[in-house]
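Me: I am new to this structure and would like a close look at a single part of it. Please take one strand and follow what surrounds it.

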Amino acid sequence: MSREIIQTDKAPAAIGPYSQAVRVGDTVYLSGQIALDPSSGLVVEGDIEAQAHRAFQNLKAVCEAAGGSLADIARLGLYLTDLGAFGKVNSVMGEYFNPPYPARSTVEVSALPRGVAFEVDAVMVLR
């Protein structure tokens, strides 16, 4: 099967040797999104909630560039530098997703790119 590279200027450009997303058949593998403003490339100001909002907005933009939406996501991976912020991130996620929710894992990590506190990646299946 061939791979289709997904790219949009409505989400931050990759900051390394990877693509924003790759589509293989009806499955889209979305790279991690952090709280980078797509126009400036800078980390957004604010707390973990502001970072989570920006990361989910970036993820949404890549989903749309691939021809889907957040509702098509089958699996999410959440990465936090402090699991004490889990409730805040969970609340923000609830603003972007409706039942039935995607499968999800949440992992505390020691550090994330650009010193952010939150990152999200996903797998989307197009219908």
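Reply: What follows starts from strand β3 and moves outward to the core, the pocket and a loop. The model is predicted.

Strand β3 covers residues 27-33. Its partner is β2, and the two run antiparallel, joined over four bridges. One of the places where they meet is Val24, whose bridge partner in β3 is Thr27. The hairpin made by β2 and β3 has two residues between the strands. Within this hairpin, Gly25 has a positive phi near 65 degrees.

On to the other pairing of β2. Strand β2, residues 21-24, also pairs with β1, residues 3-6. That pairing is antiparallel too, and it has four bridges. Here Arg23 of β2 stands opposite Glu4. In a regular strand, side chains alternate between the two faces of the sheet.

Next, the core. The largest nonpolar core holds 31 residues, and those with the most contacts inside it are Leu30, Phe56, Leu59, Ile73 and Phe118. Strand β3 is among the elements that give two or more residues to this core, together with α1, β4, α2 and β6. Helix α1 gives the largest share, eight residues.

Phe118 can be followed further. Beyond its neighbours within four places in sequence, Phe118 touches a set of residues that includes Gln33, Ile34, Phe56, Leu78, Val89 and Leu112. Gln33 is the last residue of β3, which spans 27-33.

Gln33 also appears at the pocket. The largest pocket has a volume of about 170 Å³. It is lined by 13 residues, and the closest to its centre are Ile15, Tyr18, Gly32, Gln33 and Ile34. Strand β3 supplies the largest share of this lining, three residues. By type, the lining has eight nonpolar residues, four polar and one charged.

Last, the loop after the strand. Val43 lies in the loop between β3 and α1, the helix of residues 48-65. Is Val43 buried, exposed or partly exposed? Its relative accessible area is 30%, and because buried means under 20% and exposed over 50%, Val43 counts as partly exposed. Leaving out neighbours within four places in sequence, Val43 is in contact with Ala35, Leu36, Arg114 and Val116. Val43 and Gly115 are 72 residues apart in sequence, while their C-alpha atoms are 8.8 Å apart in space.

Notes. Residues numbered from 1 in each chain as written. Predicted model: local features only at pLDDT ≥ 70, side-chain atom pairs only at ≥ 80, totals over all residues. Heavy atoms only, no water. Pairing = 2+ DSSP bridges. Buried < 20%, exposed > 50% of the residue type's maximum accessible area, 1.4 Å probe, protein only. Contact = heavy atoms within 4.5 Å. Core = buried A, V, L, I, M, F, W, Y, C linked by side-chain atoms within 4.5 Å. 1 Å grid on protein atoms, 1.4 Å probe; cavity = no way out; pocket = protein on both sides within 12 Å on 5 of 7 lines; lining within 4 Å. Points joined across faces, edges and corners; volume = space filled by probe spheres on them. Nonpolar A, V, L, I, M, F, W, Y, C, P; charged D, E, K, R; others polar.
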